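Load the coordinates and have the sequence to hand. Let's walk through this one together.

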Amino acid sequence: MIDALAQWTLLPLGMALGWAFARKAFNNNAAGQPPPIDAGTPMPIDQSVRWIAEATGEGEGNLPELQLLLGNFFRKRGNVEHAIRLHEAVLAHPDDAARHADAARFELAVDYQQAGLLDRSEQYWMELVEGRSPFAPAALEELIALAEQGQDWPQAITWATQLASIKGQSQADRIAHYHCQRAEQALTRSEFDVAMKAAKQAQSHDNGSVRARWLQGQILLRQGDPSAAVTRYVSAAELDARFLEDLVPAIEECCARVDDPALRAQAFEDLNAMHPQAPVLIAAAAAQKRAVGEDPLPTLTRGLKLAPTRGLLKAFLAEIEPRPETESMGMRASAAAMHAALERLEQSAAGYRCEHCGFTPRNRFWQCPSCRQWGTIHRLPDQIG
Ligand SMILES: [Zn+2]
């Protein structure tokens with residue numbers, strides 16, 4: 001029992017006394033004596049807090065501050081019940097509504113969140129927003145996080161719009177992602193018109209959103225219009241070279257379906273104009289040469305000189321491996337071994353990295369599972385060395 005007392009009562013009491021000493025010299029003549037510690041009955045927390053306030057001469061005026069401090073301490077130690085009792089006492093304090101009530105609401109929201117009572121937590125966050133409290137931006141961030149967890153994207157859009165207005169800071173980037181989430185949900189249900197409308201809303205919020213254009217391409221492809229999809233994919237890839245490795249295969253797939261060499265030629269001309277000498281475009285050019293019966297080796301060799309990447313080296317080895325010259329030089333086995341080693345390296349390497357927190361997932365996430373930021377995960381460069 002002494003252990004329990006030390007853990008739940010004496011420790012916070014000691015901390016609170018430290019707080020009181022820091023604020024004011026301890027007054028030996030202060031009213032009251034320390035309440036007797038009965039090893040069989042832990043001291044009621046409300047009584048303990050009042051005693052500290054009286055004993056240190058802080059009086060009722062500073063009681064809410066002490067209650068907030070101790071409440072947070074109890075919550076950090078996992079005793080949410082005590083935290084809630086203390087924070088509710090602050091709200092009930094008759095004289096301190098203006099000074100401490102919003103802080104108490106904020107803490108109660110965190111308490112209930114920790115207790116898993118999300119409805120009550122949400123209610124306090126909303127009170128802070130409605131009251132235009134100084135805690136409103138932080139409360140809105142929490143409400144946004146709750147909406148994201150529940151995949152309630154229209155609600156997330158509402159909160160983010162309100163946050164933009166309160167902070168005077170654009171939230172267009174994350175709002176565009178919420179519209180993209182709506183578009184993806186609609187696409188899963190094959191509701192193409194709803195999906196396209198949402199993807200276009202995403203683009204209207206953030207015209208630089210690669211994801212919004214990429215999605216429009218996916219929707220058009222699902223609707224059976226690969227030719228229009230190519231245009232959207234190209235316009236997405238033109239915005240940011242980091243997406244080329246994902247978008248080039250999608251463009252190739254669409255062009256193969258349409259079987260229109262002019263469409264492919266125009267698409268790659270546009271991409272090359274925007275991202276000249278991008279390794280993935282050089283690899284695509286080599287593959288195209290091969291497809292039309294031309295030798296792709298000069299293109300691959302030029303690419304390796306310009307920007308050696310695993311992708312280009314793999315394509316180069318795949319090209320030379322079956323050639324008679326390689327066999328005559330006794331290099332076929334070596335080329336095959338190197339090719340296989342590169343493939344194994346690709347399988348074991350982390351494919352993506354969050355630019356915000358450094359998390360390295362194997363797949364792309366639009367929202368980082370680690371730091372919850374939107375649009376921060378990108379492919380790791382394929383560069384050798
Ligand atoms: Zn992250």
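What follows goes from the overall make-up to one helix pair, then to the core and a few loop residues.

First, a caveat: this is a predicted model, and local features are only discussed where pLDDT is at least 70. The protein has 385 residues, and 34% of them are buried. On the secondary structure side, there are 19 helices and 2 strands. As for how the chain folds back on itself, take the contacts with a separation of 6 or more: 47% of them come from residues 24 or more positions apart.

Now zoom in on helix 7, which covers residues 136–149. It has 14 residues and runs 20 Å from its first C-alpha to its last, close to the 20 Å expected at 1.5 Å a residue. Its buried residues are A136, A139, L140, E142, L143, I144, A147 and E148. There's a handy bit of geometry to keep in mind here: an α-helix has 3.6 residues a turn, so residues three or four places apart point the same way. Just after the helix ends comes Q151, with a positive phi near 50°.

What does helix 7 pack against? One partner is helix 6, residues 118–130; the two axes sit 8 Å apart at an angle of about 145°, and the crossing is left-handed. From helix 6, the residues involved are L118, E122, W125, L128 and V129, and they meet A136, A139, L140, E142, L143 and L146 of helix 7. Sorted by type, this contact has 9 nonpolar residues, 2 charged ones and no polar ones. In soluble globular proteins, nonpolar side chains tend to be buried together.

One of the residues at that contact, E142, deserves its own look. Is E142 buried or exposed? It counts as buried because 21 other C-beta atoms lie within 10 Å, where the cut-off is 20 or more. Setting aside neighbours within four places in sequence, E142 is in contact with A109 and W125. A109 is 33 residues away along the chain, yet the C-alpha atoms of the two are 9.5 Å apart.

Between helix 6 and helix 7 there's a loop, and R132 is found in it. R132 isn't a glycine, but its phi is positive, about 50°. With 9 other C-beta atoms within 10 Å, R132 is exposed. You can find a similar combination further along the chain at Q277, in the loop between helix 14 (261–274) and helix 15 (279–291). Q277 is also not a glycine, and its phi is positive, near 65°. It counts as exposed because it has 11 C-beta neighbours inside 10 Å.

Back to the interior. The largest nonpolar core has 77 residues, and the members that touch the most others are A139, A199, Y233, L247 and I251. A139 is a familiar name, since it turned up among the buried residues of helix 7. I251, for its part, is in contact with V230, Y233, V234 and A267, leaving aside its neighbours within four places in sequence. Y233 is therefore both a contact of I251 and another of those best-connected core members.

Last stop: helix 4, residues 80–92. Its 13 residues should span 18 Å at 1.5 Å a residue, and the end C-alpha atoms are indeed 18 Å apart, so the two agree. The buried residues in helix 4 are H82, A83, I84, L86, H87 and V90.

Technical notes: Residues numbered from 1 in each chain as written. Predicted model: local features only at pLDDT ≥ 70, side-chain atom pairs only at ≥ 80, totals over all residues. Core = buried A, V, L, I, M, F, W, Y, C linked by C-beta atoms within 7 Å. Buried ≥ 20, exposed ≤ 12 C-beta atoms within 10 Å, placed from the backbone. Contact = placed C-beta atoms within 7 Å. Helix = DSSP H or I, 4+ residues; strand = E, 2+ residues; numbered from the N terminus. Expected span 1.5 Å × (residues − 1). Axes fitted to C-alpha atoms, helices over the stretch in contact; angles between N-to-C directions. Left-handed = near helix turned anticlockwise from the far one by under 90°. Nonpolar A, V, L, I, M, F, W, Y, C, P; charged D, E, K, R; others polar.
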